[in-house]
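Me: Please take a close look at a single part of this structure, and then explain how its surroundings are built. I would like each term to be explained when it first appears.

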Amino acid sequence: MAGVGKCILVTGPPGVGKTTLIMRIYENLKLSNPNIKLQGFYSQELRQGGERVGFEVVTLDGRRARLASSTISSPESRQWPAVGKYKVDIASFESLVLPELKIREDTGLFIVDEVGKMELFSSYFFPAILNILQSNIPLLATVPIPKFGKDIPAVVRLKNHPGATIFTLDKSNRDAMKDRIYPQLAGMLLKP
């Protein structure tokens, strides 16, 4: 397993700003450590006419793939797993994200937004996360809060990882949280 302090998890209710926080930290890291190799992805809402119709995943270098949609109705999509009204496109997700989670010698940090129910429909996703933890390369990830008091088993496993530090985001602390997480993360980074 990774050494103590190699995994920073950001949790909080939907819409509180977890992705925004992760992206601010990412931008700061790029400016302060221009030579560090960052790998990973973040999730983004897809909207039509002001209504959320799905989610996409975006790599740190800007490539995009569908994660889930409420508007797709094809014979293929009828077989896809669902989370609420959204059908999860596992093949699209895996084709973009799994190569991003491969361990490379020069990688300094993995950023994963998020380790959630949709992403975990991929049977290859969580093993890739576990490989990152075993690699000793730091991981900055978002995880959902328990819904109805029930946490996702893979998320519990991450939270219980000996090297995990958990930050809970809410509306009162979200602006100050970057200043708490960034120095801790910056201290973990392997110099290229």
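Reply: The account that follows begins in the nonpolar interior and then turns to other parts of the chain.

The model is predicted, so local features are accepted only at pLDDT of at least 70 and side-chain atom pairs only at pLDDT 80 or more, while totals for chains, interfaces and linings use all residues. Residues are numbered from 1 along each chain as its sequence is written, and side-chain values rest on heavy atoms, without hydrogens and water.

A nonpolar core is a set of buried Ala, Val, Leu, Ile, Met, Phe, Trp, Tyr and Cys residues joined through side-chain atoms within 4.5 Å. Buried means under 20% relative accessible area, exposed means over 50%, and partly exposed lies in between, for a 1.4 Å probe and protein chains only. The largest such core contains 34 residues, and those with the most contacts inside it are Leu-101, Val-112, Val-115, Phe-125, Ile-129 and Leu-139. Helix 3, residues 125-135, supplies the largest share of this core, namely seven residues. Helices (H or I, at least four residues) and strands (E, at least two) are DSSP runs, numbered from the N terminus. Apart from this core lies another, of 25 residues, which includes Ile-25, Leu-38, Tyr-42 and Leu-140. As a general background, nonpolar side chains in soluble globular proteins tend to be buried together.

Within the largest core, Ile-129 may serve as an example. With neighbours within four places in sequence left aside, Ile-129 is in contact (heavy atoms within 4.5 Å) with Leu-101, Val-112, Val-115, Leu-139 and Leu-158.

Aromatic rings come next. Rings of Phe, Tyr and Trp (its six-membered ring) form a pair if their centres lie within 6.5 Å; planes under 30 degrees apart count as stacked, over 60 as edge-to-face, and the rest as tilted. The structure holds four aromatic pairs. In one of them, Phe-41 meets Phe-125 edge-to-face, with 6.2 Å from centre to centre and 65° between the planes. Because Phe-41 belongs to strand 2 (residues 37-48) and Phe-125 to helix 3, this pair ties together parts that are 84 residues apart in sequence. Phe-41 counts as buried because its relative accessible area is 0%, and Phe-125 is buried because its relative accessibility is also 0%. Phe-125 also pairs edge-to-face with Phe-93, at 5.4 Å centre to centre and 70° between the planes. Since Phe-93 lies in helix 2 (residues 90-100) and Phe-125 in helix 3, the second pair ties together parts 32 residues apart in sequence. Ring pairs thereby link Phe-41, Phe-93 and Phe-125 into a cluster.

The loops on either side of helix 3 also deserve attention. Glu-114 lies in the loop between strand 7 (107-112) and helix 3, and a cis peptide bond with omega of about 20° joins Asp-113 to Glu-114. Asn-136 is placed in the loop between helix 3 and strand 8. Phi of Asn-136 is near 75°, a positive value in a residue other than glycine. Asn-136 counts as partly exposed because its relative accessibility is 34%.

Glu-114 leads on to the largest pocket. On a 1 Å grid over the protein atoms alone, a pocket is an open set of points where a 1.4 Å probe fits, with protein on both sides within 12 Å along at least five of seven lines; lining residues have an atom within 4 Å of a point. The largest pocket has a volume of about 1100 Å³, where volume is the space filled by probe spheres set on the points, which are joined across faces, edges and corners. Its lining comprises 34 residues, of which Pro-14, Lys-18, Phe-55, Glu-114 and Pro-144 lie nearest the centre. Helix 1 (18-32), strand 2, strand 3 (51-59) and strand 8 (139-144) are the elements that give two or more residues to this lining.

Charged side chains complete the account. A salt bridge is a side-chain nitrogen of Lys or Arg within 4 Å of a carboxyl oxygen of Asp or Glu, and by this rule there are ten. Asp-151 and Lys-159 form one, with their closest N and O atoms 2.9 Å apart, and both residues are buried. Glu-45 and Arg-52 form another, at 3.0 Å from N to O. Glu-45 counts as partly exposed because its relative accessibility is 36%, and Arg-52 is partly exposed because its value is 30%. Glu-45, Arg-47 and Arg-52 are linked in a network of salt bridges.
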